[in-house]
Amino acid sequence: MRIGIDEMAFATTPFYFEMDDLAAARGEDPNKYKIGIGQDRQAVVPPTQDIVTLGAQAAVKLSATALKRVSTLIVATESGIDHSKASGIYIKHLLGLNDYIRVVETKEACYSATAALQFARGIVALNPQEVVLIIAADIARYGLNTPGEVTQGAGAVAMLISADPHVLAVEPVSVPYTQDLMDFWRPLYAENAHVDGKYSNQVYVDFFLKTYHRYQQITGRTLADFAALIFHLPYTKMGKKGLEGLLGDDHSNIAQRLRSNLQAEQTLSRQVGNLYTGSLYLGLLSLLQNGDVQPGERIGLFSYGSGAEGEFYSGILQPGYRDRIGEDQLTALTGRQRVSIEEYERLFNGQLGMSAADIEFDVSNDPSPFVLTGQKNFKRLYRIQ
Ligand code: HMG
């Protein structure tokens, strides 16, 4: 039985800043951010958005008939809003999903959407009529004036996992790899991540090469068997570091095609920044909308989450995938509003974070279909607009 991604959708915040503006404010050469890091713009998060609103915004773009069939909802996130209650329960309510549904949350830094996808494959294999909704939603925060600031971002990717999928049939061989190490983490008391940036880059490439080579040993496949290799993109240059670590001096047609499809994967990420759990899957969407890939061809995916865990797996692109990946995202992103660095800093500092106090947000500037209106008696309040 073929099992995999049947439909995909993406949502981000209505605001962004230009990297040129951040570079000017931080006294850096803009080329460091645009070439050295590989980002053009970054999503800016108003206090009225969190992983619940972003997740609902992505999922509501999926077809209504498919949403009615969802039997399990898994939210993959490292930006949790509650130590106990799963954020997916709020999303289930906002989307008006059936009450006869199981809802949970998964966590392992940026990796856990891939774990959710593997768990979903198991659910569907046992009960082929089931449809699993995975929402990978995050807000990446390193703090103002930190080296990681240029690699922040926010957004959500929603995916339906089912039998006979229309987008990507996931192949059986996958190689997970885990080691206990401290490249990036966020203790319970912290609103921003702690990171050992250079070390995290090394671990990422090391885990990619280890999992890819093990996959190659198990399957006997070579680079010629892939139309594209896509990567978790904490910033777009990181994917390049991964791919070049494998290709080295190879400039054959096969290697050049992989390089060009990596650029197609990077297109959307350059506009929003790191989505943490959703990054790899935004990359898949970006490849499918902007790349040179044909139905029947194989795509290799490298998922990475700090702490650290990596997984390399593959899937076969399905006929008709174009009808299941939503609107042209690049065009959709042009509808966002540009904000100044002063405004970004104000919004960054205004997020709810760890505060327990009652608060009511002004939602009049947020045109999103779902908004966080505030907090009362320790309860978050959401509204459908
Ligand atoms: P930094 O120290 O500010 O930057 O931190 P740099 O000095 O290393 O420069 C960055 C690049 O720009 C370098 O290129 C420079 O040469 C180049 P590289 O050597 O890396 O190829 N450069 C220029 N290029 C053109 N023109 C110029 C110029 N100047 C410099 N004028 C760092 C960069 C990424 C470390 C920092 O932003 C950071 O700590 N980010 C967060 C950590 C991160 O994203 N790590 C990635 C791997 S871990 C991961 O993916 C997991 C994660 O998503 C979290 C999770 O799992 O939940 C992060």
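Q: At what angle do α1 and helix α12 (residues 341–350) pack, and how far apart are their axes?
A: In this predicted model, the two helices pack at about 90 degrees, and their axes are 10 Å apart.

Q: Why are α1 and α12 called roughly perpendicular?
A: The label covers angles of 65 to 115 degrees. The angle between α1 and α12 is about 90 degrees, so the pair counts as roughly perpendicular.

Q: Which residues of α1 and α12 meet there?
A: From α1 come Asp21, Leu22, Ala25 and Arg26, and from α12 come Ile341, Tyr344 and Glu345. Sorted by class, this contact has four nonpolar residues, three charged ones and no polar ones.

Q: And how do the axes of α1 and α2 cross?
A: Helix α1 (residues 19–26) and helix α2 (residues 30–37) have axes that come within 7 Å and cross at roughly 130 degrees.

Q: What makes α1 oblique to α2?
A: Roughly perpendicular ends at 115 degrees and roughly antiparallel needs over 145. The crossing at roughly 130 degrees fits neither, so α1 is oblique to α2.

Q: Which residues make the contact of α1 with α2?
A: On the α1 side they are Met19, Asp20, Leu22, Ala23 and Arg26, and on the α2 side Pro30, Tyr33 and Lys34. That gives five nonpolar and three charged residues, with no polar ones. Leu22 and Arg26 of α1 are named in the contact with α2 and also in the one with α12.

Q: How do you know that the end-to-end distance of α9 agrees with its number of residues?
A: Helix α9 has 20 residues (253–272), and at 1.5 Å a residue they should span 28 Å. The end C-alpha atoms are 30 Å apart, so the two values agree.

Q: Where is the kink in α9 centred?
A: On Gln266, with a bend of about 35 degrees. Gln266 is also buried, and other buried residues of α9 include Leu258, Leu262, Glu265, Leu268, Ser269 and Val272.

Q: What comes after α9?
A: Gly273 follows, and its phi is positive, near 95 degrees.

Q: What makes the phi values of Asn377 and Phe378 worth a look?
A: Most residues other than glycine have a negative phi. Asn377 has a positive one, near 50 degrees, and Phe378 has one near 70 degrees. Asn377 sits in the loop between β16 (370–376) and β17 (379–384), and Phe378 is in the loop between β16 and β17 too.

Q: Is Phe378 buried or exposed, and why?
A: The cut-off for exposed is over 50%. Phe378 has 68% relative accessibility, so it counts as exposed.

Q: Why is the peptide bond between Gly307 and Ala308 called cis?
A: Omega for that bond is about 10 degrees, and the bond is cis. Most peptide bonds are trans. Ala308 lies in the loop between β12 (298–305) and β13 (309–317).

Q: Which side of the cut-offs is Gln129 on, buried or exposed?
A: Gln129 has a relative accessible area of 54%, so it is exposed, given that exposed means over 50%. Gln129 is in the loop between α6 (112–126) and β6 (131–140). Its C-alpha atom is 40 Å from that of Val363, 234 residues away along the chain.

Q: What about His232, buried or exposed?
A: Buried means under 20%, and His232 has 3% relative accessibility, so it counts as buried. His232 sits in the loop between β11 (228–231) and α8 (236–247). Among the residues it touches are Cys110, Tyr204, Tyr276, Phe302 and Tyr304.

Q: How do you know whether Gln329 of α11 is buried or exposed?
A: Its relative accessible area is 3%, so Gln329 is buried. Gln329 lies in helix α11 (residues 329–333) and is in contact with Phe10, Leu268, Leu285 and Gln289, leaving aside neighbours within four places in sequence. Gln329 and Ala9 are 320 residues apart in sequence, with 9.2 Å between their C-alpha atoms.

Q: And what puts Val132 on one side, buried or exposed?
A: Val132 has a relative accessible area of 0%, so it is buried. Val132 lies in strand β6, and its contacts include Thr72, Ile74, Ile123, Met159 and Ile161. The C-alpha atoms of Val132 and Met159 are separated by 8.2 Å, with the two residues 27 apart along the chain.

How values were computed: Residues numbered from 1 in each chain as written. Predicted model: local features only at pLDDT ≥ 70, side-chain atom pairs only at ≥ 80, totals over all residues. Heavy atoms only, no water. Helix = DSSP H or I, 4+ residues; strand = E, 2+ residues; numbered from the N terminus. Expected span 1.5 Å × (residues − 1). Bend = angle between axes of the 7 residues up to and from the residue. Buried < 20%, exposed > 50% of the residue type's maximum accessible area, 1.4 Å probe, protein only. Axes fitted to C-alpha atoms, helices over the stretch in contact; angles between N-to-C directions. Parallel < 35°, antiparallel > 145°, perpendicular 65-115°, else oblique. Contact = heavy atoms within 4.5 Å. Nonpolar A, V, L, I, M, F, W, Y, C, P; charged D, E, K, R; others polar.
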